[in-house]
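Biologist: I should like a close look at a single part of this model, taken slowly enough for a first-year student to follow. Please choose one sheet and describe what surrounds it.

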Amino acid sequence: MNFDTSLAFARALDAQDPLQSFRSRFLIPKHQGQEIVYLCGNSLGLQPKQAKDFLQQQLNQWENLAVEGWFEGDTPWMTYHKELQSLLAPIVGAKPEEVIPMNNLTVNLHLMMVSFYRPKGKRIKVLMEGGAFPSDQYAVESHLRFHGIDPDKAIIEIFPREGEETLRTEDIVKTIKEQGDELALILFGGINYYTGQLFDLNTITKAGHEVAAYVGFDLAHAAGNVVLNLHDNNVDFACWCSYKYMNSSPGGISGVFIHEKHFNDASLNRFAGWWGYQETTRFQMTKGFVPEKGAEGWQLSCSPVMMMALHKASLKLFEEAGGIAVLRAKSEKLTAYLENWINQVNDELGEQLFRIITPSDSASRGCQLSLIAKRNGKQIFDELVKRRIVGDWREPNVIRISPVPLYNSFEDIFRFGTELADSCRKLN
Ligand SMILES: *Cc1c(COP(=O)(O)O)cnc(C)c1O
């Protein structure tokens, strides 16, 4: 991109943006009467305006039909999840029957490990990226202990090489080969929450299958952010949350992908509940669990319809925008523009005050850039907040900035860049 730091340039990019109108479909918070620049979709996506309507519809259904709402009304709750399956599938590159919204993310990580972590003999190890999101670390540790396996011996973490910030795919593959038949499961992030690195899901999955390990991904930072091909990549399972890039409310419902090749594997363990029971006979309430075919067969509890309504409000916007590939095309431009701005600020300051630890290759990152300031990182971050620029701060020293194609504009990035430069001048 030929880059120019003028406001006119940012506005020209917005004027050419076919997704520009989607910004007005979201509620943007104000501080002291003025809209903030929200660059924190990696933590909690903004509220779609239509979320209220979708929720209200279901509140009305509850009001008017009460228990009959499960079977009657415009959107009977018994089948409410089916439309969500169709809306979710293209976002993660799956068949509708391979995905199901249910529970919350960490709960789903445990449920997926019940099915896909099957330690046997010397094959007991789990491979993870070093510095995985804490909840994933706790889930895996505690799950191993539950099996009577010492996590210190059985969890293998891969860290970047000395002097590097992110992982090389070749090193991941090498470790997988080395661990070989001791590896039971590879559980990786799709995008690392801290560095913003997007991993090569296809290569990791292939390498894992070559040593006969199961391969699953936590897509909290990837789902709704980058193009995914879970089915074609032959990934065994994945889970994600919907409140980050999928704007579906704080603590909103999670999603799960299970590859169809596992649907008929009766040897897989699962922790069952009545909502995963075969649909046609579920209400006969008989003894002995018979799973519904597909990812639906992993459901436990009856649908949290209000959560699903909020999720649907946002997924409809993904569909209306033309799908994840269209969003990703804009996202790559927004992030490239952001990267240019950070480099520009360094140039203006006459030193490399900010180091971007996220890969510069757009195929190895999503929308997020993680910056480390040589000094005053927290002060700079706080100064930005005072100026209504909302990114996020992650201990020990990273500022994460995530422009989202559905609601961020190039002018947002312009404002971030100019305020960043100004804040640094003030604090230096
Ligand atoms: C956000 C995030 C979580 C959060 O899990 P919840 O169960 O939704 O609280 C877990 N793992 C990763 C990688 C995340 O980014």
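Modeller: The account below begins with the strands of the sheet, continues with the helices that lie across it, and ends with the ligand.

This is a predicted model, in which local features need pLDDT of at least 70 and side-chain atom pairs count only at pLDDT 80 or more, whereas totals for chains, interfaces and linings use all residues. Residues are numbered from 1 along each chain as its sequence is written, and side-chain values use heavy atoms, with hydrogens and water left out.

The part chosen is an open sheet of seven strands, with mixed pairing and the order β6-β12-β11-β10-β9-β7-β8. Strands here are DSSP runs of E with at least two residues, helices are runs of H or I with at least four, and both are numbered from the N terminus. Two strands are said to pair if DSSP finds at least two bridges between them. At the edges stand β6 (99-101) and β8 (155-158); each has a single partner strand, so one side of each lacks a neighbour in the sheet. On average, neighbouring strands are turned by 15 degrees against each other, direction ignored. For such angles, axes are lines fitted to C-alpha atoms, for helices over the stretch in contact, and the angles run from 0 to 180 degrees between N-to-C directions.

Strand β7 (125-129) offers a good starting point. Its link to β8 is parallel and has four bridges; here Met-128 has Glu-157 as its bridge partner in β8. The link from β7 to β9 is also in the parallel sense, over three bridges, and Val-126 finds its bridge partner in Leu-185 of β9. Continuing along the order, β9 (residues 183-189) and β10 (residues 214-218) pair in the parallel sense over five bridges. Within this region, Ile-186 stands opposite Val-215 in β10.

Are the residues of β7 buried or exposed? Five of its five residues are buried, so to describe the strand as mostly covered is fair. Buried means a relative accessible area under 20%, exposed means over 50%, and partly exposed lies in between (1.4 Å probe, protein chains only). In a regular strand the side chains alternate between the two faces of the sheet. In β7, Lys-125, Leu-127 and Glu-129 belong to one side, Val-126 and Met-128 to the other, and both faces are covered.

Two helices lie across this sheet. Helix α5 (residues 134-146) lies across β7, β8, β9 and β10, and runs at about 175 degrees to β7. Helix α3 (residues 80-92) lies across β6 and β11 (237-240), at about 125 degrees to β6.

Helix α3 deserves more detail. Its buried residues include Tyr-80, Leu-84, Leu-88 and Val-92. The buried residues of this helix pack against β6 and β11, and also against α2 (51-65), α9 (305-320) and α10 (324-349); contact means heavy atoms within 4.5 Å. His-81 is found in α3 and is buried, with a relative accessible area of 1%. Leaving aside residues up to four places away in sequence, His-81 touches Ile-100, Glu-279, Glu-296, Gln-299, Ser-303 and Met-308. After the helix comes Gly-93, whose phi is positive, near 70 degrees.

Finally, the ligand. Which residues surround the ligand? They are Leu-105, Thr-106, Phe-133, Asp-136, Asp-218, Ala-220, His-221, Tyr-243 and Lys-244; a residue is near a molecule or strand if one of its heavy atoms lies within 4 Å of it. Polar contacts, which are pairs of N or O atoms within 3.5 Å, add detail; within protein, one atom must be able to donate a hydrogen and the other to accept it, and residues adjacent in sequence count only if both atoms are side-chain atoms. Thr-106 has a polar side-chain atom 2.6 Å from an oxygen atom of the ligand. For Tyr-243, a polar side-chain atom lies 2.5 Å from a ligand oxygen atom. In His-221, an N or O atom of the side chain is 3.0 Å from an oxygen atom of the ligand.
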